Amino acid sequence: MGASVNHLFCFGFGFSARTLAAQLQRGDWMISATSRQAAGVADINAAGFNGQLFGSTLNIPADVTHILVSAPPGDAGDPVLRLFASQLQNLKSVVWVGYLSTTGVYGDKGGDWVDEDTPLEPNTTRGQRRLAAEQAWADLDLPVHVFRLAGIYGPGRNQLLTVKNGSAKRIIKPGQIFSRIHVSDIAGVLLASMAKPNPSRAYNVCDDEPCPPQDVVAYAAELLGLPQPPEIPFAEAELSPMARSFYADLKRVSNARIKSELGYRLRYPNYRVGLEALLPSL
C-alpha cells in the first residue's frame, strides 16, 4: 500500500478526513481534498495537500485510486453524487471508496444492540438522508465501503475542553446511552479497510463501551479536578435541533465486525482511555 501511485481524493476535509490524511502523509501518498470556500482550499494547500474548490467545474484527477466521502447529504440528496456520479464511474484506477455515514441509520432500538445486519429504520431526518445516500452510493459501479460512525471526539473536540471552558452540561435523560469513537480510531479503521478492501460492506465504527453521555462529562471534570457541571433534565435543556435529534435514538452499537474482518484493534476502546490520552494536550 506504500506505492507512489496511491492517490486519495477527499470530498470534504473535516475532522475525520484530516486525521486520515495526516496518517497517510507518513507514507508515499498523493492527497487531494475539496472545500466549498476559497479559504478552505488555501488551508488544504497550506497543509501540504492538493486543495480544490468543490463545485460543478471540479475535475476529479484520472489517477485517483482511493476516494473518501464525508460531505453530508442535504435536502437535495448527496452533493457529490448530484454533481459527479458520471465522472466517478468513469474513473478506471479506483480500488476503494469510503462513505462516512452515521449509526443514526439504525433508528431507535430501545437500547438493544445493533450490528451491520440490523434493519435500517432511521427515525430522524438526518438518519433518513444518510440512509438514502448510503443506498445511492451502493448503486454505483464502484468499490464502495460504508462506515457508520458513532459520536466523534478527539484533539480539539472533546468534553475536557467543554468542561474547562464552562460550556459542558450533564443532560439527564433516564436510560439514554450513546456510542462514541476517537477520531484516530476512525482513521485506523479506514486504513485497515484500504489494506483489506471488501466492496459493498458496511462497518460500524464505535468503541467498546456505550454509556450515558453525562458519565463522559463527569469523568472529564474528574480528570481536570473541576466541579461537576450541574445536572439538567433533558426536557429543560437548551439544545440545537441537531443536538436534540441525537437523543431520539437509543441503541447499543456493536463494533465486532471491524475487529473480526479488518483485524482492527482500537487505540481508545472507551472514553476513559481516550480522555486520559487527551489530557496532556490541554
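**View 1. S200, a loop residue with an unusual backbone angle.** In this predicted model, S200 sits in the loop that runs between α6 and β11. Its phi is positive, at about 80 degrees, although S200 is not a glycine. To see what makes that worth a look, remember that most residues other than glycine have a negative phi. Is S200 buried or exposed? S200 counts as exposed because its relative accessibility is 71%, and the cut-off for that word is over 50%.

**View 2. The second largest pocket, with S200 among its lining residues.** Stay with S200 for a moment, and look at the space beside it. The second largest pocket holds about 180 Å³ of space. It is lined by 13 residues, and those closest to its centre are E134, A138, V146, S200 and A202. Which element gives the most to this lining? That is α4, with four residues. Both α4 (125-138) and β7 (144-149) supply at least two residues each. Sorted by character, the lining of this pocket has eight nonpolar residues, two polar ones and three charged ones.

**View 3. The largest nonpolar core, with L68 as a guide.** Here is a general idea to carry into this view: in soluble globular proteins, nonpolar side chains tend to be buried together. The largest nonpolar core of this model has 31 residues, and L8, L20, L68 and F147 are those with the most contacts inside it. Two or more residues of this core come from each of β1 (7-11), α1 (15-24), β2 (30-35), β5 (96-102), β7, α6 (183-195) and β11 (202-205). The largest share is that of α6, which gives seven residues. Now pick out L68 and trace what surrounds it. Not counting residues up to four places away in sequence, L68 touches L8, F9, C10, F11, A17, L20, W96, G98, L100 and L190. Another core lies apart from the largest one; it has 24 residues, including F9, F11, V69 and W137.

**View 4. F13 and F49, an edge-to-face pair of rings.** The model has eleven aromatic pairs, and this view shows one of them, F13 with F49. How do the two rings meet, stacked or edge-to-face? Their planes stand at 75 degrees and their centres are 5.6 Å apart, so the pair is edge-to-face. F13 belongs to the loop between β1 and α1, while F49 belongs to the loop between α2 (38-46) and β3 (50-53), so the pair ties together parts that are 36 residues apart in sequence. F13 and F49 are both buried.

**View 5. F147 and Y203, a stacked pair between two strands.** In this pair the ring planes are at 20 degrees and the ring centres 5.7 Å apart, so F147 and Y203 count as stacked. Strand β7 holds F147 and strand β11 holds Y203, so the pair ties together parts that are 56 residues apart in sequence. Both F147 and Y203 are buried. While you are looking at rings, find F9, F11, F54 and F84 as well, which form one aromatic cluster.

**View 6. D112 and its partners from far along the chain.** D112 is in the loop between β5 and β6 (113-114). Which residues is D112 in contact with, once its neighbours within four places in sequence are left aside? They are K251 and R252. L250 completes the picture: D112 and L250 are 138 residues apart along the chain, and 7.8 Å separates their C-alpha atoms.

Notes:
Residues numbered from 1 in each chain as written. Predicted model: local features only at pLDDT ≥ 70, side-chain atom pairs only at ≥ 80, totals over all residues. Heavy atoms only, no water. 1 Å grid on protein atoms, 1.4 Å probe; cavity = no way out; pocket = protein on both sides within 12 Å on 5 of 7 lines; lining within 4 Å. Points joined across faces, edges and corners; volume = space filled by probe spheres on them. Nonpolar A, V, L, I, M, F, W, Y, C, P; charged D, E, K, R; others polar. Core = buried A, V, L, I, M, F, W, Y, C linked by side-chain atoms within 4.5 Å. Buried < 20%, exposed > 50% of the residue type's maximum accessible area, 1.4 Å probe, protein only. Contact = heavy atoms within 4.5 Å. Phe/Tyr/Trp six-rings, centres within 6.5 Å; stacked < 30°, edge-to-face > 60°.
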